[in-house]
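Got your viewer open? Let's take a short walk, one selection at a time.

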Amino acid sequence: MYQSFCRYMAEEGMDAMIRRTGGVLVGFSGGADSSLLLFFLHKYCLETGVQLYAAHVHHGIRGEEADRDEAFCRRRAEEMHIPYYLHKADIPRIAAERGLGLEETARQVRYACFREITADLPNPDIPVATAHNADDNLETVLFHLCRGSGLHGLCGIPPIREERYIRPLLPFTGEEIRLFCREASIPYIEDGTNAQTEYTRNFIRHEIVPKLKQIQPNPERAVFRTAQLLREDDSYLEKRASEIINGRTKLPVSALRDQPFVIASRILRQMYHTARAPGCDGTLSRGHIDDILRGITGEGTRYTVCLPDKVYFRLENGYFRFAGEEPQTEREVGIPMEFPDGEGIFENEYYVMILSRKNHKKATSEFENIYKLSIQQSINFAKIIGGISVRYRRPGDTVKYGGMTRKVKKLLSEKHLPEKHRENLPILTDEAGILWLPGFPVRDGYAGGETDDLTVFLYSKTD
């Protein structure tokens with residue numbers, strides 16, 4: 001069994017992670033699963049010359065039995081000469097404060113504990129090994145299936161999560177693990193709560209799985225193989241979504257509208273996960289995804305959705321993003337315009353603005369056969385003060401041309417533009433203020449005509 005354990009770690013890349021970082025931390029509860037995991041990794045670390053650590057979380061739930069478990073884990077680590085870390089938490093109190101169940105709260109606290117411990121180790125990047133096995137994977141898949149999960153949920157427990165947490169016992173059933181412990185005289189303890197069926201997973205384990213075995217004698221193996229196949233499909237789709245995101249934190253709405261749901265939903269989830277604060281592990285449900293897509297496919301130009309872990313989805317002027325706090329809008333802060341290849345593009349629901357210093361034909365070729373060219377303006381680039389930004393009108397905005405300072409609100413009113421067009425008209429600015437209000441002359445002293453010009457094209461998407 002130990003050889004199969006090492007082979008699985010090598011196949012899934014766990015062996016490389018441990019060797020690269022020089023150590024591994026084991027989540028050690030004292031049960032058969034974690035006792036075997038500690039035993040195998042102790043042998044493995046002696047053979048490879050890497051450091052092994054053990055961490056026990058006292059949940060403050062089972063009174064004297066929990067104290068017994070902690071004493072057993074401490075004694076076992078001392079016998080094996082493994083550095084031991086203890087974390088005590090009042091899970092019932094924390095669960096009440098967070099409004100969560102005991103199981104979910106305990107899981108969150110455990111992983112937070114692991115992060116705290118590894119942060120203080122010589123290499124904070126060492127992986128954390130947890131004792132999930134094939135039984136846990138079966139229960140997870142059944143639980144997700146009953147909740148109506150998609151492909152990702154039906155993949156079960158991943159061998160490696162977040163490039164940090166590894167599950168080396170995943171191919172082995174609980175029966176195999178307990179049998180090996182008995183034959184190899186590996187001591188372990190029983191958690192009395194494992195028999196309490198009021199916990200969802202325990203109910204699945206004791207009530208559902210035995211009946212399932214009347215149909216399939218070894219459902220753990222069957223589901224493990226199925227999950228492996230599904231993970232290959234899921235991995236391809238995740239990779240495709242990641243390629244579309246390409247490291248960006250802000251995307252045009254078309255990036256979602258042009259994709260099938262199976263890719264669009266992954267784009268949203270990946271960007272959401274990137275926006276979460278460190279230590280947060282919330283995710284987007286199908287309901288969250290539907291709420292977001294409903295706003296994107298609607299007619300509005302602005303849309304905000306509050307998501308788990310205090311993350312906000314924000315749609316603004318044809319672009320969307322996720323932020324860890326409700327972000328300021330572009331109407332407030334402006335969008336800096338960069339010039340890759342000598343051009344920059346701003347787009348919203350009503351207009352496309354192109355800034356070009358080089359090949360004007362190249363800059364506009366994508367849009368000239370689609371939208372109506374409303375305005376073309378040349379600006380003396382050499383006189384621009386600081387960086388260039390595009391934003392929308394604000395209360396009290398003024399622009400100076402013709403030797404006079406004029407109010408933007410009055411100018412746009414005199415143009416008789418519909419209100420939606422006024423709200424969404426892009427305004428070009430530099431650090432000195434408004435540089436150009438489309439439909440009016442450029443700011444005094446900044447008109448083009450020199451060799452170092454910035455040419456601005458404004459396309460209208462509507463008549």
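About how many helical turns separate R93 and E97 in helix α5? Select residues 91-98 to bring up helix α5. R93 and E97 sit four residues apart there, so about one helical turn lies between them. Keep in mind that you're looking at a predicted model.

Now show the side chains of R93 and E97: they meet in a salt bridge, 2.7 Å from N to O. R93 is partly exposed at 42% relative accessible area, while E97 is exposed at 56%. Add D90 to your selection, and you'll have a network of D90, R93 and E97, joined by salt bridges that share partners.

Next, hop over to helix α2, residues 14-21. Pick D15 and R19, whose side chains form a salt bridge at 2.8 Å, N to O. These two are also four residues apart, which puts about one helical turn between them. Is D15 buried or exposed? D15 is buried, with a relative accessible area of 17%, whereas R19 is partly exposed at 48%.

For another pair, try R161 and E162, with a salt bridge of 2.6 Å, N to O. E162 is partly exposed, at 49% relative accessibility. The whole structure holds 19 salt bridges.

Now for strand β15, residues 389-391, where you'll find R391. R391 is buried, at 8% relative accessibility, and its side chain makes a polar contact with the side chain of D397 at 2.9 Å.

Last stop: cysteines. Select C45, buried at 4%, and then C113, buried at 2%. How many disulfides does a search of the whole structure find? Zero.

Technical notes. Residues are numbered from 1 along each chain as its sequence is written. This is a predicted model: local features need pLDDT of at least 70, side-chain atom pairs count only at pLDDT 80 or more; totals for chains, interfaces and linings use all residues. Side-chain values use heavy atoms; hydrogens and water are left out. Buried means under 20% relative accessible area, exposed over 50%, partly exposed in between (1.4 Å probe, protein chains only). A polar contact is a pair of N or O atoms within 3.5 Å; within protein, one must be able to donate a hydrogen and the other to accept it, and residues adjacent in sequence count only if both atoms are side-chain atoms. A disulfide is a pair of cysteine sulfur atoms within 2.5 Å. A salt bridge is a side-chain nitrogen of Lys or Arg within 4 Å of a carboxyl oxygen of Asp or Glu.
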